[in-house]
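Work through the exercises below with the structure open beside the text, and try each task before reading its solution.

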Amino acid sequence: MALRALVASAGAGLRRRRWLWLGALGVLLVAWPIFVHEVFFAYIGTLMLLYTIGAASLHLVLRTGHLSLGHAAFMGLGGYTSALLTTSLGWPFALAFLASGLVPAAVALVVGPIVLRLRGVYFVLITFTLGEVVRLVLNEWQSLTGGADGIFRIPPPSPLLVDKRAYYYFALAMATACVGVIARILSSQTGRYIDAIRESERLAQSSGVPILRFKVMIFAIACGFVGFQGSLLAHFITFVAPGSYTFNESLNLLVMNVIGGMGGLAGPLIGAAFLTALPEFLRGWVELQRALYGVVLVLVMLFVPGGLIEIGRRLLSTGRS
Amino acid sequence: MSVDLLVPILFNGMSLSAIYILVALGFTLVFGIMRVVNFAHGEFAMMGGFWLLFLLSWLPLTYWVALPLAAVLVGASSLLPEQLVFRRLYGQELPSMIAALGLSVVIAEGAVIVFGVHERNIPSTFQGLFQVGRFTFPEDRLVVMAIALAALAAFWAFVRFTRIGLALRTVAQDREIAEAQGIDTRATYRITFFLATMMAGLGGALFAQIYALSPYMGSVPLMKAFIIVIIGGLGSVPGAALGGVLLGMSESFLATFFGASVAEFASFGAIILLLVLRPWGLLGTPEA
């Protein structure tokens, strides 16, 4: 299938001198707030980092060859879990944070065996529907979720993190940990199973990979991670509402992957950074910006299905020759 | 349940079904023939609403000219994205779907830029009530049903009795064989796209006149089309008709007795069940 080709096409480019690049990136991410003091940039930086978690987690699902349009629903489950536990029950953040990953993962474990039997378009449609169901539940179960208004005044994880720049470093640590784990999964034996499943389920099965169990596990891990993002985001912007976890948000996560490139983990990270920063700098032209968003999506599909990563690689290779 | 209650519910369900089928039919047709999940389908319905508003109250034309013209204009304007976007991605299920998602954003946001976000009303053409015995029916709903029925009949006759219709059915069954028989598949695709979006535009125009018109209204018909084609089977034309009737009727019944949100939950529950047990739908055919 086509997704397979897209995923396989990119990926090898940035592998050389990888550690050098990562080190430079790390220094940059740690150091820039020392020189740039505006809170606005710390705010955007935090959003970028948090979205890398969600985008990278969706990358895990995409790598198995399944396109989910309901990923934001699990982000919402995480956000609401964390928000409710800290506000209504007064749990400490650390415990609520753990739960914000466990609850979406548990839900994914329950629905996974059902939905992951479906492939291609049917999987897209059922995840789309699931997303709508979760949004409806958040909207209608007013006694628990506060209905369409959502939950306000969610406390920061710690009094130290009220400051946006402090939260930036917290987000940096969390995002590094989450993305690191995802990268580790992808480069392990499990990662090779994932690629085998995407390339050919039957072949993988005949080589002894327990397909469904594996896909459910990956799906649950991915949903857990996006739940973490939901929690970190909820405590950062201090409120949650059903409107934040609609189809548009799922689409957003998908677009990050598509625009960045689906070939490797670098794609969603670049896509997340790019697509979180872009709207913030185009605040004045919201409609135009969203329309452009669509144009970019179409153009990427038509001309560079490998995403920004592929553009970068093409530029590099023309520069060399 | 008394007849006094039953008749209005049935009537309401029928008029809902009529619009739903119009929209879902095009959606299922595009998937059945081109294997494209057209996420921009709802936006073509929205375009139908705006064309009707333009032709009806700004030009102004009479209703019976404005409505078909609006539908044809939607069909014609869909040929541009067909040429520029979809044609390059035929046969690639996921890329074409992502491109369609992008296209839907472009059209909806484009409409926001041109018309603004606020809801508009298309002045209604038929305001009278139609009396049968002790029941009264709003005329506009009756007209909607009649138009939808006529359009569906015309579509059926076109596919069943014309040579182009025969070509469409052949391509839907097997593209390569059809090409070997000398059928121009590109032209067939263009016609399919035109027909599909034209019906969506017609459905959207009818919908917008009864309810409201706004650039973001496309998501509602798209969602309904989704549900209907899952019920009936993706790609199946009779399935879309059956799904439309089932959805319209059950929404009408459930919304009357339990409220709109219960109706929504029920339809989602039904399609999740169906996707699990019978992903190819009630009247579709399982894929190999």
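A residue counts as buried if 20 or more other C-beta atoms lie within 10 Å of its own, as exposed if 12 or fewer do, and as partly exposed in between. The model used throughout is a predicted one.

**Exercise 1. Two loop residues**

Task: Decide to which class of burial B:R35 belongs, and state where in chain B it is found.

Solution: Begin with the position, which is the loop between α1 (3-34) and α2 (41-58) of chain B. Next take the neighbour count: B:R35 has 19 C-beta neighbours inside 10 Å, and therefore it counts as partly exposed. Finally look at the backbone, where phi of B:R35 is near 60°, a positive value in a residue other than glycine.

Task: Carry out the corresponding steps for A:T238.

Solution: A:T238 lies in the loop between α11 and α12 of chain A, and it comes just after α11(A). With 14 other C-beta atoms within 10 Å, A:T238 is partly exposed. Its phi is near 65°, which is again a positive value in a residue that is not glycine.

**Exercise 2. Two helices of chain A**

Task: Compare the span of helix α11 of chain A with the expected one, and find how many of its residues are buried.

Solution: Helix α11 of chain A covers residues 211-237, which is 27 residues, and it reaches 39 Å from its first C-alpha to its last, close to the 39 Å expected at 1.5 Å a residue. Of these 27 residues 21 are buried, so α11(A) is largely enclosed by the rest of the structure.

Task: Describe the surroundings of A:Q229, a residue of helix α11 of chain A.

Solution: The count comes first: A:Q229 has 31 C-beta neighbours inside 10 Å and therefore counts as buried. Once neighbours within four places in sequence are left aside, the contacts of A:Q229 are A:L50, A:I53, A:G54, A:M75 and A:G78. The last of these, A:G78, is 151 residues away from A:Q229 along the chain, yet their C-alpha atoms are separated by 7.5 Å.

Task: Do the same length check for helix α12 of chain A, and say how much of the helix is covered.

Solution: The 14 residues of α12(A), residues 247-260, should span 20 Å at 1.5 Å a residue, and the end C-alpha atoms are 20 Å apart, which agrees. The helix is mostly covered, with 12 of its 14 residues buried; among them are A:E249, A:N252 and A:N257. Just after α12(A), A:G261 takes a positive phi of about 120°.

**Exercise 3. A helix pair in chain B**

Task: Work out how helices α6 and α9 of chain B are oriented to each other, and which residues make the contact.

Solution: Two packed helices are described by the angle between their axes and the distance between the axes. For α6 (residues 139-161) and α9 (residues 185-210) of chain B, the axes come within 11 Å and cross at roughly 175°. Angles over 145 degrees count as roughly antiparallel, and α6(B) and α9(B) are therefore roughly antiparallel to each other. On the α6(B) side the contact is made by B:D140, B:V144, B:I147, B:A151 and B:F155, and on the α9(B) side by B:M199, B:L202, B:L206 and B:I210. Sorted by class, this contact has eight nonpolar, no polar and one charged residues.

**Exercise 4. The two chains as wholes**

Task: Describe the make-up and overall form of chain A and then of chain B.

Solution: Chain A has 15 helices and zero strands. Its radius of gyration is 19 Å, close to the 20 Å that the globule rule gives for 321 residues, so chain A is as compact as a globular protein of that length. Chain B comes to 12 helices and two strands. The radius of gyration of chain B is 19 Å, close to the 19 Å given by the globule rule for 288 residues, so chain B is as compact as a globular protein of that length.

Task: Find how many residues of each chain take part in the contact between them, and which helix of chain B gives the largest share.

Solution: In this contact 32 residues of chain B meet 31 residues of chain A. Helices α4 (79-89), α5 (93-115), α10 (219-232) and α12 (260-277) of chain B each supply at least two residues of the side that touches chain A, and the largest share, 15 residues, comes from α5(B). By class, that side of chain B divides into 24 nonpolar, four polar and four charged residues.

Methods. Residues numbered from 1 in each chain as written. Chains lettered and ligands numbered in written order. Predicted model: local features only at pLDDT ≥ 70, side-chain atom pairs only at ≥ 80, totals over all residues. Contact = placed C-beta atoms within 7 Å. Helix = DSSP H or I, 4+ residues; strand = E, 2+ residues; numbered from the N terminus. Nonpolar A, V, L, I, M, F, W, Y, C, P; charged D, E, K, R; others polar. Axes fitted to C-alpha atoms, helices over the stretch in contact; angles between N-to-C directions. Parallel < 35°, antiparallel > 145°, perpendicular 65-115°, else oblique. Rg over C-alpha atoms; globule rule 2.2 N^0.38 Å. Expected span 1.5 Å × (residues − 1).
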